[in-house]
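Please take a moment to look over the sequence and the structure shown below, and keep both in view while you read.

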Amino acid sequence: GRILMNRLEEKYRNEVVPSLMSKHNYSTQMLVPKIEKIVVNMGVGDATTNAHSIYTYLRTVTGLSKAQACGIVANIQHESGFNPTALGDNGTSYGICQWHSGRWENLKTWCTTRGHDWRGLGGQILYLEHDLVDNHPDLYRKICNQPDTAEGAYQSGYWWCYDFEIPANRDYNARKRGNAAKQYYSDTSYT
């Protein structure tokens, strides 16, 4: 949502514009092409590719630390196995976060009104950021306050499960996902 656009605009203004001015010898910023629309389009890849795509987005665009991103990734692995077309709860939950009923409808509406494919990984990653930042600001702050340590990964995974996924046996599942987040944190392919 807003955070994504702010980050992209800042990157464009501070890195891309000066680079294009230098490369093409533009005399003024007015000559540099403007961005009118950004479309993120990712298909259904394998679980490892999707996991890294989600993790990379959380780290580079959303600005979460390794521990914070690992907490979310661990939950997505448990919810959907990183499959954006996963159906759960007898067909009432959908996608990487298993958005349930009204939350699934919110995913569809938000993506459709912004030109994103709600069935694809790209649209779901964008919605995930919006859902976290705009619809769950207390949880977002709680996760952002976790240190970039194995314990921070555990806490991020625990609170994401407890306050966002809200499964049956909340505490048991939250502890399980916190431990999974620690495993992702120790995985050297996640930097």
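The paragraphs that follow go through pairs of packed helices, and then turn to some single residues in helices and loops.

The model you are looking at is a predicted one, and a good place to begin is helix α3, which spans residues 66-80, together with helix α7, which spans residues 150-165. The axes of these two helices come within 7 Å and cross at roughly 50 degrees, which makes α3 oblique to α7, since an angle of this size falls outside the ranges that count as roughly parallel, roughly perpendicular or roughly antiparallel. The crossing of α3 and α7 is right-handed. On the α3 side, the contact is made by A67, Q68, C70, G71, I72, N75 and E79, while α7 brings G152, A153, S156, G157, W160, C161 and E165. If these residues of α3 and α7 are sorted by class, the contact has six nonpolar, six polar and two charged residues.

Helix α3 can also be followed to α8, the helix of residues 170-186. Here the axes of α3 and α8 come within 8 Å and cross at roughly 120 degrees, and α3 is therefore oblique to α8, because the range that counts as roughly perpendicular ends at 115 degrees. As α3 passes α8, the crossing is right-handed. The residues of α3 that take part are K66, A67, C70, G71, V73, A74, N75, Q77, H78 and E79, and they meet K176, R177, A180, A181, Y184 and Y185 of α8. Sorted by class, this contact of α3 with α8 has eight nonpolar, four polar and four charged residues.

Within α8 itself, it is worth finding N173, which belongs to this helix. Is N173 buried or exposed? Its relative accessibility is 14%, and N173 therefore counts as buried, because the cut-off for that word is a value under 20%. Leaving aside residues up to four places away in sequence, N173 touches C161, P167 and A168. With A168 there is also a polar approach, in that a polar atom of the N173 side chain lies 2.7 Å from the backbone oxygen of A168.

The loop between α7 and α8 holds I166, a residue whose backbone deserves a careful look. Most residues other than glycine have a negative phi, whereas I166, although it is not a glycine, has a positive phi of about 50 degrees. With a relative accessible area of 46%, I166 is partly exposed. A positive phi is also found at D89, where the value is near 50 degrees and the residue is again not a glycine. You can find D89 in the loop between β1 (87-88) and β2 (93-94).

The last pair to visit is helix α4, residues 102-113, and helix α5, residues 121-135, which pack at an angle of about 110 degrees with their axes 10 Å apart. How are α4 and α5 oriented to each other? They are roughly perpendicular, because that description covers angles from 65 to 115 degrees. The crossing in which α4 passes α5 is right-handed. From α4, the residues R103, N106, L107, W110 and C111 meet G123, Q124, L126, Y127, H130 and D131 in α5. By class, the residues of this contact between α4 and α5 divide into five nonpolar, four polar and two charged.

How values were computed: Residues numbered from 1 in each chain as written. Predicted model: local features only at pLDDT ≥ 70, side-chain atom pairs only at ≥ 80, totals over all residues. Heavy atoms only, no water. Axes fitted to C-alpha atoms, helices over the stretch in contact; angles between N-to-C directions. Helix = DSSP H or I, 4+ residues; strand = E, 2+ residues; numbered from the N terminus. Parallel < 35°, antiparallel > 145°, perpendicular 65-115°, else oblique. Left-handed = near helix turned anticlockwise from the far one by under 90°. Contact = heavy atoms within 4.5 Å. Nonpolar A, V, L, I, M, F, W, Y, C, P; charged D, E, K, R; others polar. Buried < 20%, exposed > 50% of the residue type's maximum accessible area, 1.4 Å probe, protein only. Polar contact = N/O pair within 3.5 Å; in protein donor to acceptor, adjacent residues only side chain to side chain.
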